[in-house]
Amino acid sequence: MVDIDELDDKFSIEGEVGFAELEEDLVFITVSNKYADADICLYGAHITSFRPHNSMDLLWMSPDSCFEVGKAIRGGIPVCFPWFGPHKTDEEKPQHGFARLMYWDVLSTATNPAGETIIKLELNSSEETKAYWAHDFRAEMTIVVGKTLVETLKITNTSAVSFDYTCALHTYYSLSAIESITIEGLKGLTYYNQLTRENGVQEEEKLEITDGLTRHYLNTETPVIIDDSAFRRRIKVDKKGSKVTTVWNPGAEPCAKIGDLSDDGYETFVCVEATNAFDYPIHLAPGESFETSAIIGLEEKIF
Ligand SMILES: O=P(O)(O)OC[C@H]1O[C@@H](O)[C@H](O)[C@@H](O)[C@@H]1O
């Protein structure tokens, strides 16, 4: 059980970091500093809101999202680990792994000299995780709330044998309208098209999304920009320790079949994900660690 009073005693920072039961029974960390406000649900280490002070929320949340133990939150930044997508051999196991379906512990909260807030969470292997995945591991999530939001998933192999994992920081971005945005930074990249199961190369300078799209851009570590002219903002999506950039929007028909999305939900979000999967799993020998980061913010305006 998560004890909010105990968390408050140990980890709150007056006027900056607090704990609250938002959205039914789930416990959230609320952050407010001179740069931005953010909400982080301890269930899934799931960031549900990041609002730089000069902008509306960069993250999109489904108004129909479930907020209950056993179900994934729809929107924000789901954490996919230790596998991305469906489980390779057992379809009973949850899509995108179990990390988003478990409560994470709070390790620390702090303010750095620049006035940014640093939250550290962790999830260790246990009997519960071993019911899904046999390995001993430590997952540490560091979230830095500043002018940009930096989320880093560090996995350490704490077992005596090597293992492979796949993962993603599966960010949902809030848009004026899917048909009004373009995504820059993907030209020339090879992608795996999950809908046709074929590879393609993006020829266009800017990606426009006119229908359902699931593309995994392979062997790329460069940032992309979501240009949203109607919202008059350009979201910079950078990353580290990720070889695949996934772009997902379900489009109208599949969206209507997803229970925690309204029929027109697809119109106002796009997922751009810092992924390691397909030919790029992460291999960890005993004692080794690996970090994957998503770095999200508004592109500086040049006048
Ligand atoms: O509904 P979920 O499990 O959160 O997954 C959402 C989507 O996540 C994307 O990353 C996958 O490529 C899609 O196939 C999937 O539908």
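Two residues are said to be in contact if their C-beta atoms, placed from the backbone, lie within 7 Å. This definition serves throughout the description below. The structure is a predicted model, in which local features need pLDDT of at least 70 and side-chain atom pairs count only at pLDDT 80 or more, while totals for chains, interfaces and linings use all residues. Residues are numbered from 1 along each chain as its sequence is written.

A good place to start is the overall fold. The protein chain holds three helices and 22 strands; helices (H or I, at least four residues) and strands (E, at least two) are DSSP runs, numbered from the N terminus. The radius of gyration of the protein chain is 19 Å, close to the 19 Å that the globule rule gives for 303 residues, so the chain is as compact as a globular protein of that length. Here the radius is taken over C-alpha atoms, and the globule rule is 2.2 Å times the number of residues to the power 0.38. The C-alpha trace spans about 50 × 45 × 35 Å along its principal axes. Of the 303 residues, 38% are buried. A residue is buried if 20 or more other C-beta atoms lie within 10 Å of its own, exposed if 12 or fewer, and partly exposed in between, with C-beta atoms placed from the backbone. Among contacts in the protein chain with a separation of 6 or more, 64% join residues 24 or more positions apart.

Next comes a sheet. Strands of a sheet pair through backbone hydrogen bonds, either parallel or antiparallel. Two strands are counted as a pair if DSSP finds at least two bridges between them. One open sheet has nine strands in the order β6-β7-β8-β9-β22-β18-β17-β12-β15, and the pairing is antiparallel. At the edges stand β6 (105–111) and β15 (206–207), each with a single partner strand, so one side of each is left without a neighbour in the sheet.

Strand β8 (residues 137–145) gives a clear view of how side chains can alternate. F137, A139, M141, I143 and V145 point to one face and are buried, whereas R138, E140, T142 and V144 point to the other and are not. On one side, β8 is joined by eight bridges to strand β7 (residues 117–124), running antiparallel, and I118 has V144 as its bridge partner in β8. Nine bridges join β8 to strand β9 (residues 149–157), also antiparallel, with R138 opposite T156 in β9. β8 and β9 form a hairpin with three residues between them. Elsewhere in the sheet, β17 (residues 224–228) and β18 (residues 233–240) pair in the antiparallel sense over five bridges, and D228 has R233 of β18 as its bridge partner.

Attention now turns to the annotated positions. An unreviewed UniProt entry places the feature "active site" at H170 and E273; UniProt positions are given in the numbering used here, feature names are shortened, and annotations may be inferred rather than shown by experiment. Although spread over 104 residues of sequence, the two cluster in space, with a largest C-alpha distance of 4.6 Å. H170 is found in strand β11 (residues 167–174) and counts as buried, because 24 C-beta neighbours lie inside 10 Å. Not counting residues up to four places away in sequence, H170 touches I77, P78, C80, H96, C271 and E273. E273 belongs to strand β20 (residues 269–276) and is buried too, with 25 C-beta neighbours inside 10 Å. Beyond its neighbours within four places in sequence, E273 is in contact with A168, L169, H170, T171, T245 and T246.

The unreviewed UniProt entry also places the feature "binding site" at R74, Q95 and R100. Despite being spread over 27 residues of sequence, these cluster in space, and the largest C-alpha distance is 13.1 Å. Q95 is found in the loop between β5 (79–80) and β6, and R100 is found in the loop between β5 and β6. Q95 counts as partly exposed, because 13 C-beta neighbours lie inside 10 Å, whereas R100 is buried, with 23 other C-beta atoms within 10 Å. Leaving aside neighbours within four places in sequence, Q95 is in contact with G85 and P86, and R100 is in contact with G44, H46, A72, P78, V79 and C80.

Finally, the ligand is surrounded by A72, P78, Q95, H96, H170, Q194, T214, T246, W248 and E273, where a residue is near a molecule if its C-beta atom, placed from the backbone, lies within 6 Å of it. This shell divides into three nonpolar, six polar and one charged residue. Ala, Val, Leu, Ile, Met, Phe, Trp, Tyr, Cys and Pro count as nonpolar, Asp, Glu, Lys and Arg as charged, and the others, Gly among them, as polar.
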